[in-house]
Each structure stands twice: as structure tokens, then as C-alpha cells.
Amino acid sequence: MKTLLQPQTSTFTLANQGKRVTHPVVAVLLSFVIIFISIMLAETFSTSLNPDNWGLEQLRSNQPAVFSALGKIISLWLLNVPIYILLWVWLASFERRPYWTLGFIRQGMFPAYLSGLGIGFIMMSAMVGIVVLFGVGKFIPVNAPAEGLSALGGIMLVCVGWVVQAAAEETVFRGWLLQTVSNRTNVWIGVTLSSLCFAAVHCLNNGFSPLVLCNLVLFGLFLALYRIADGSLWGVCAWHAVWNWALGNIFGADVSGSAPEGGRLLHISLAGPDWLTGGAFGLEGSVATTAIFVIGIVCVGLYLNKKQQNDKKSILQANG
């Protein structure tokens with residue numbers, strides 16, 4: 001694993017495609033600035049673009065899940081599209097390198113994205129399975145207008161929002177920040193700083209706690225290692241999108257302290273101490289999530305170690 005976690009690998013040398021590489025301190029500060037500006041822009045335009053002002057009373061009445069999904073898509077796009085634009089401006093004006101060098105490599109993009117979707121859904125399902133197995137969560141009958149099969153239109157539509165949101169966060173933290181800091185220092189500093197920054201930007205979420213902070217750091221560590229193992233950003237973008245979507249819109253739990261919008265196929269009810277249920281933050285703040293991410297980090301670490309050994313064998317055979 002040591003060889004794969006070196007700045008000399010292609011995952012990080014793509015940062016050298018431009019004229020200069022941003023200083024690590026500047027990169028950390030700029031990542032917060034980009035997020036802050038995006039939040040300010042979203043708050044500025046959220047009222048004028050609110051679907052409640054569009055005169056869609058019939059849609060709200062007949063298809064509440066679809067109406068809710070439209071609102072969620074707009075809020076997610078307002079909050080995250082500026083991230084792409086601001087980062088593109090920095091790359092084009094200061095670093096002078098193409099956007100794809102962040103990790104959006106065309107070769108193998110579809111298999112990587114599909115793998116991310118599958119792994120993300122399996123891990124989310126495992127987390128839900130843990131709380132159900134230990135009696136912390138149970139599925140209750142779905143009978144609200146925006147629940148069950150009748151809400152399927154909104155559930156599928158809201159994916160458009162989650163895909164944009166997930167990829168924006170991954171572009172900043174597992175794309176640009178991880179790559180830039182690792183290139184100028186070493187990979188472990190890049191992995192650690194990108195994970196801590198990712199956790200920090202979520203500190204204002206409803207229900208934030210020390211356990212939530214721990215899980216967010218583990219979230220970042222897992223995806224940073226996954227991004228390195230995958231060699232591109234496609235897998236982690238897909239993983240992050242399906243994680244948020246499945247948590248709220250499939251299993252019906254809160255997502256980072258917010259009730260699911262766009263409808264939910266199932267409805268999980270949680271009861272117990274906050275360290276088991278996640279409290280106001282939702283399942284992502286529970287020890288079940290801690291366990292899933294620890295297992296995920298171990299699995300990715302073993303994969304990286306095995307890949308290194310296979311690479312060494314290939315080199316020896318080529319030279320033998």
C-alpha cells in the first residue's frame with residue numbers, strides 16, 4: 001500500500017498538468033471559501049426560485065412527492081452548482097489545468113460509476129440492517145401521500161439533485177483538495193486534511209455531536225482511500241450520491257439531520273439512545289455508521305495492499 005499512497009502515482013501527478021499547484025494552506029482556506037460563497041448564493045436565490053411560488057397547486061396536491069422532489073433538486077443545485085463554477089475558475093485562472101485532471105478520467109468511467117453505486121447501496125443497506133437487527137429501527141407501514149410506490153416518481157426524480165450534490169463535494173474534497181495537498185506534502189497529510197475539512201463544513205448540521213464528527217471524518221477517510229484505489233473520482237461520486245439517496249428516499253431515514261424530500265419508498269422508525277439512533281442528525285450519527293466505515297476502511301486498505309503486491313509480482317515477472 002505504501003507505493004500506491006505516494007504523490008508520484010498518476011492519481012496525484014495529474015495536478016502537475018497545469019502551470020502551478022496551489023499551496024496546501026491556500027487550498028484548505030479556499031475550499032472553505034468556495035463552500036461559503038456557494039451557501040451565500042443559495043440563500044440569496046432560494047426564495048425567488050422556490051417551487052411554492054410557481055403556482056403548481058395541482059401538482060402539489062396530486063403528486064406531492066414529485067413537487068417535493070422539484071424543491072429538493074433546486075435547493076441542491078443552488079447550493080452545489082456554484083462549487084463547480086468557482087473551482088473551474090480557480091483551475092483555469094491560477095493552476096492553468098483542465099477540469100478533468102481532478103479525476104474525471106474518461107477511460108473506465110461507466111464501470112467505476114456503477115461499482116460506486118453498488119458499493120454505496122450495499123454499505124447503506126448493511127447500516128440499516130444493523131439497526132434493525134439490534135431492534136433500534138423498525139419499518140412501519142407507509143401510508144402518507146409521499147410514501148411507498150405512489151411516491152416512486154418523486155423518489156426517482158430527486159436523484160438528479162443528489163447526483164449533483166454528491167459530485168460537487170467529492171470534486172472539492174476527494175478531487176482537488178486531496179490531490180493538491182498530497183502533491184505538495186504527502187498522501188497521508190492529504191487524506192487527513194481533506195477528511196477533516198469535509199467534516200468541518202458539516203459542523204452546522206442539525207444534531208451535530210462528537211460521534212457525528214467521528215463518523216464524518218471516517219466518511220472522508222474511507223472515500224479518500226476509495227478514490228485512491230479507484231484511480232478516478234467517478235466511483236466516490238456515485239457512492240456518495242446513492243448513500244444520500246438510499247438513506248432518505250429508499251429507507252426513509254433522515255439525511256444529515258434533515259427529513260427526506262421527494263418521497264420515501266420505505267419508512268424506518270428509530271427508537272433508543274442517540275449513540276444508537278444518531279439522534280437529531282439521523283442514522284449517520286450512530287455507531288452503526290461507525291462500524292460500517294471502519295469495515296469499509298479496512299477493506300479498501302486490504303485491497304490497496306493486495307494491489308501493491310500484484311504490481312510487484314508483475315514487475316518481477318517482467319524483469320525476470
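Arg60 comes out as partly exposed, because its relative accessibility is 35% (buried means under 20% relative accessible area, exposed over 50%, and partly exposed in between, with a 1.4 Å probe and protein chains only). This is a predicted model, in which local features need pLDDT of at least 70 and side-chain atom pairs count only at pLDDT 80 or more, while totals for chains, interfaces and linings use all residues. Residues are numbered from 1 along each chain as its sequence is written, and side-chain values use heavy atoms, with hydrogens and water left out.

Arg60 has a partner: its side chain meets that of Asp52 in a salt bridge, at 3.1 Å from N to O. A salt bridge here is a side-chain nitrogen of Lys or Arg within 4 Å of a carboxyl oxygen of Asp or Glu. Asp52 is also partly exposed, at 39% relative accessibility. In general, side chains of opposite charge can pair when their charged atoms come close. The structure holds 5 salt bridges, and two others are worth a look here.

One of them joins the side chains of Lys72 and Glu261, with 3.8 Å from N to O. Lys72 sits in helix H4 (residues 64-95) and Glu261 in the loop between helix H10 (234-250) and strand S2 (268-270), so this pair ties together parts that are 189 residues apart in sequence. Helices (H or I, at least four residues) and strands (E, at least two) are DSSP runs, numbered from the N terminus. As for cover, Lys72 counts as buried at 11% relative accessibility, whereas Glu261 is partly exposed, with a relative accessible area of 32%.

Next comes the pair within a helix. The side chains of Arg174 and Glu170 meet in a salt bridge of 2.7 Å, N to O. Both residues belong to helix H7 (residues 159-184) and lie 4 residues apart, about one turn of the helix. Arg174 is buried, with a relative accessible area of 0%, and Glu170 likewise counts as buried at 0%.

Turning to the surface, a nonpolar patch of about 690 Å² is built from Val33, Phe36, Ile37, Ile39, Met40, Leu41, Phe45, Leu49 and Leu79. Patches are made of residues with over 30% relative accessible area and no salt bridge, with like charges joined within 9 Å and nonpolar side chains (Val, Leu, Ile, Met, Phe, Trp, Tyr) within 5 Å; accessible areas come from the Shrake-Rupley method with a 1.4 Å probe, and for residues only the protein chains shown count as cover. Helix H2 (residues 24-45) gives the most to this patch, with 7 residues. Ile37 lies in helix H2 and counts as partly exposed, at 33% relative accessibility.
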